[in-house]
Amino acid sequence: MIDLSLLDVDYLLVNTTNQFLLEYAPIEENSCHKLTGFTGDTGDSLLCPDGKALLFVDGRYHTQADKEVDSDKVKVVKLELGQKQDDAICENIKPDSILGIVAKKVSQKRLEYLETLLKVINVKVKLLETDVFEDAFLFKQACATVISEELAGESFSQKIKKLKKPVLITNSEEISYICNLRDFTQQNAVKIDGKLLVQNDRVILFTNAEIKGNVDFEVKPLNEFYNQEYCGLLVDKSTINAYDFSKITNPVIADSQVKFMKSIKNISEIQHLKYCFEMTDKALTDTRDFILNNNNLSEYDIDKELEKNFKKYGAKSLSFKSIVARNQNSALAHYMKSSKEEIVQDGDLILIDCGGYYDGGLATDITRVFVKGKPSEKQKEVYTTVLKMFLNAFNYPVTEGKTSGFDIDKFTREYLDKNKIEGFVFSHGLGHGIGVCVHEAPPNLSKNEIAKTPIKNNMCFTIEPGLYNEKMFGVRLENSCYLENGVIKSFTNMCYENNLINYDMLTDIEKEWLSKFEVK
């Protein structure tokens, strides 16, 4: 039990992220997990004066959170689609109190938003320099490899010339992109953590990673970043933590330049991604054959076969922990267990969401659903409806530089409203950008504000509609795509399942669209 009075606060915000504000922070750095037992990647908690914690999760994690937390100690607050987590957090804080926030685990932008909301009810924010849940655990030594210019498409020097200076970059994926560095020794990530200081005549990377290969910048230990003062640096409030921001006098506030640079892939990156997805398709196709041709397989067996197949086709690592889920487990959008006890039987659905990293260090991402034996009519109805959602979203008429992911997501939900299946819900965004990280933005396809950024040529993103019923099963079909001359193209060419398609549900135009994909 944490005594909040020792911190001189009434409430404590407990985060899933770490000091680099990563979406997928290692579990040993996830303080929310230590407090609640929740293993999801996103969703913060609020420790209250009575010692009980509130855990805030979106629709991807509603069922998972219920299963993982002790309801006597943790109350799950289930956010609706489009509802802002921080609004819900502030609604659960009583007026005239003090909220403690770890300064290194909140972005400056988020801090200011929270302060604005809380000021209305006279709640003060106290920034804490240390996290009471953080253990003195040992970090694995990171090892960064320099990506060749042939794969990256541009050298470090070419990328740096595009930046306004002086600028401080603290986002791990942005640093990895701009420096052409990847760490393939990690699990489910290749980013390099650190702080990149770009001045007019000098570039310094502060990092604890060992770097293999020649680089055109200075490298210093991470702790040396805090040994000097900074003034007038360009910073992005959404990616710099509040502690680092406080160390800069007269900061110049601007949106990240690198965020938009890396969102538009160059020709070399597009060509490399085509190869990566060809290999990803092969890995998943072999896994499909393994499922269909063998009996008494567990989720764990399939997961191990999948990982073996990724390595067989050249993946250096997985881009995220694969989801292998049968029946009810497939209704958990981010199910991660791959249980030895979950044995695939005749008539079972199996959902696989997976991806890998290859030599260029860009993530692949795909989801497919298979059936063992003969499917039920309900399984075919849901699968076909999700397929129809995908086909209509994929063929949405895009005006390059004007159409946004928000538009495509809205259109797809309106389409679903006309084709609803009772008891099944679409509880997450339609898609996300892909790059150094398996989730990047822009672009984004959802109801969120960031999804209103227009989609431009060579932006890469997923289209992944899904329908879920936690008492039955879930279906999600995900293709990774890119925009070429205003037309959505698919990197993914993995087949759809003929025995799960009810062709009577497809219109003539949907049948024509489907004919351009492999079905077997």
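Modeller: Before we start, contact here means heavy atoms within 4.5 Å. And keep in mind that this is a predicted model.

Colleague: OK, which helix lies across β20 and β22, and at about what angle does it run to β22?

Modeller: The two strands belong to an open sheet in the order β19-β20-β22. The helix that lies across β20 and β22 covers residues 267–293, so we're talking about α10, and its angle to β22 is about 15°.

Colleague: And which helix touches β19 and β20?

Modeller: Look for a helix packing on the sheet whose direction makes about 150° with that of β19. Residues 299–312 form that helix, namely α11.

Colleague: Which strands stand at the edges of this sheet?

Modeller: The sheet has 3 strands with antiparallel pairing. An edge strand here has a single partner strand, so one side is left without a neighbour in the sheet; that fits β19 (323–326) and β22 (366–371).

Colleague: What is the bridge partner of R326 in β20?

Modeller: β19 pairs with β20 (residues 349–354) in the antiparallel sense, over 4 bridges. For R326, the partner in β20 is I350.

Colleague: Switching to cysteines: why is C32 not bonded to C48?

Modeller: C32 is buried, with a relative accessible area of 0%. A disulfide needs the two sulfur atoms within 2.5 Å. C48 holds the closest cysteine sulfur to that of C32, yet it is too far for a bond, because the distance is 13 Å.

Colleague: How many disulfides does the count come to, then?

Modeller: The cut-off is again 2.5 Å between cysteine sulfur atoms. By that rule, the count of disulfides is 0.

Methods: Residues numbered from 1 in each chain as written. Predicted model: local features only at pLDDT ≥ 70, side-chain atom pairs only at ≥ 80, totals over all residues. Heavy atoms only, no water. Pairing = 2+ DSSP bridges. Axes fitted to C-alpha atoms, helices over the stretch in contact; angles between N-to-C directions. Buried < 20%, exposed > 50% of the residue type's maximum accessible area, 1.4 Å probe, protein only.
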